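I opened the notebook with a plain plan: overall layout, then the sheet, then a single residue pair. My notes follow in that order.

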Amino acid sequence: MRDNGQILDHLFETNQIDLARGALFDMPPGPMPRDLDFDRVEGMMLGLAIGDALGCTSEGQLPNSRRARYGEIRDYVPNRYAGNEPVGLPSDDTQLAFWTLEQMIEDRRFDPDRVAARFCRDQIFGIGSTVRRFISNYKLGVIPWYECGIKSAGNGALMRIAPMVIPHLQLGTADLWVDTALSAMITHNDSASTAACLSFVNMLWQLLTLDGPPEADWWLQTYVETAKDLEVNDKYRPRGGAFCDYQGTVWRFVEEILGEAYQRNLSTLDACNSWYSGAYLLEAMPSVIYILMQHGSDPEEAIVRAVNDTKDNDTIGAIVGAAVGALHGRRGFPSRWISRLSGRTTARDDGRIYELLEVSERLWWHWSNGRALVEITRVFTEYFANWSIELPEEAIATRNRGEIRKARWIVQYLFGREASREYLDFYASHRMTNDRHVRIWEDGQVKSLESYQEMLIYKSEKPEDKERAEHEYREHNQRVSEILKKKGFR
Ligand SMILES: [Mg+2]
């Protein structure tokens, strides 16, 4: 199987991806800081689900008529799919985002073809027209996944892109951009969409590490700087609104109109009405960035504005929600939004999104910092270099215990933690040499632990020496046997 980097290179070479290969692809974001609280990652994904759930009962209505009907929406609206209870239910935004995460968990990596297949498996609520066309392409089963996406500058890839950061938290390699580009083009193979996705993922990555809300300018600049290097099509035109004369790229449109709106201090409602706020990126993108510029420091207000002041309010709410969630964490949201969120990704899997987040933490962040494993793996591989014995990838991903039989070695291993430091213990036996019992600490330090003594050692033929040696030998092995039993080693 070709890896994702090779797939993307091939798609660039053969012009099958609508995107410029910008400098971003050569800039690894770098590992997340060691003290990143996973609460921020949860906030990002829950914010997405919350924005979607608050908006999806009134999706597509014009803000003024929605307000006339519901007043200001600050809580889940009674939902007929939940016995008319005010419960947060998902639509396509949440479903596709968490199905992407689900596949990455199953395979321990992002596999675009598998995600494409997953999108086609269950019913999607409130499905958009582009995703519908992608699904009918894919279901034909005659063209590869990368030819099934539509050239569409809708916001349907952007709404589900946030989970792409999760498998990369530990290492922060440039594969983050590769995976994001491939993920985006599954449904929308359009440079404005894929550029927006890459730009937004870059933004999320930075938001996860920020100590406090950035300046208003930061949102606009961060989006524009990344997107301008990636977008290729400069023929986008507004569908209506106050800027009908424009023709060009999405990033330039956003840059031009937002600067002015912000200077005039327009309300989010007036501003979003002026450029329209539907699913088209020329409308959704300025709406997202403007709401974040105005309310990024207040996660509740940011989502409430997205849900009330825009037309495609569930998706704009989901995108804004992911951003403020990454910045403020799960703790930043009102508890009523979390306790009344069903956590579904299908019609009947309540709580599923919480399960997926829990497994994600264990796989890709775990107790404190997954990077501990980089050092542990390196030392282990060096230790057994002569025999080419390595820790199985599965063990590294899950920290499950296991056993390796190779080159006549039997190596049993387990992961553990003492205070806040992680370690790997292994017990290795080989018929031709002494047993080894070793602890590798997360900083790479190695400590020998007691192993079975193979033979009796004593200095002379004096009976008392021999007796003492025999006694010590038995005691030693008895002790080792108990230690190993406690660890579950045989
Ligand atoms: Mg939706």
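**Entry 1, domains.** I looked up the domain split. The chain divides into domain 1, residues 18-364, and domain 2, residues 372-487. I then took the distance between the centres of domain 1 and domain 2, which comes to 48 Å over C-alpha atoms. I note that this is a predicted model.

**Entry 2, the whole chain.** I checked the extent along the principal axes. The C-alpha atoms fill a box of roughly 105 × 50 × 45 Å. Next I read off the burial. Of the 490 residues in the chain, 46% are buried. I also looked at contact range. Among contacts with a separation of 6 or more, 68% join residues 24 or more positions apart.

**Entry 3, secondary structure.** I went through the helices and strands. The chain has 19 helices and five strands.

**Entry 4, the sheet.** How are the strands ordered in the open sheet? I read the order as β1-β2-β3-β4-β5, with antiparallel pairing. Two strands sit at the edges, β1 (402-406) and β5 (446-448), and each pairs on one side only. From one strand to the next, the twist averages 25 degrees. As a reminder to myself, strands of a sheet pair through backbone hydrogen bonds, either parallel or antiparallel.

**Entry 5, β2 and β3.** I followed one pairing in detail. Strand β2 covers residues 409-418 and strand β3 covers residues 421-430. I find 10 bridges between β2 and β3, in the antiparallel sense. Which residue in β3 stands opposite Tyr413? I looked across and found Phe426.

How values were computed. Residues are numbered from 1 along each chain as its sequence is written. This is a predicted model: local features need pLDDT of at least 70, side-chain atom pairs count only at pLDDT 80 or more; totals for chains, interfaces and linings use all residues. Two strands pair if DSSP finds at least two bridges between them. Axes are lines fitted to C-alpha atoms, for helices over the stretch in contact, and angles run from 0 to 180 degrees between N-to-C directions. A residue is buried if 20 or more other C-beta atoms lie within 10 Å of its own, exposed if 12 or fewer, and partly exposed in between; C-beta atoms are placed from the backbone. Two residues are in contact if their C-beta atoms, placed from the backbone, lie within 7 Å. Domain bounds come from an automatic or database domain assignment.
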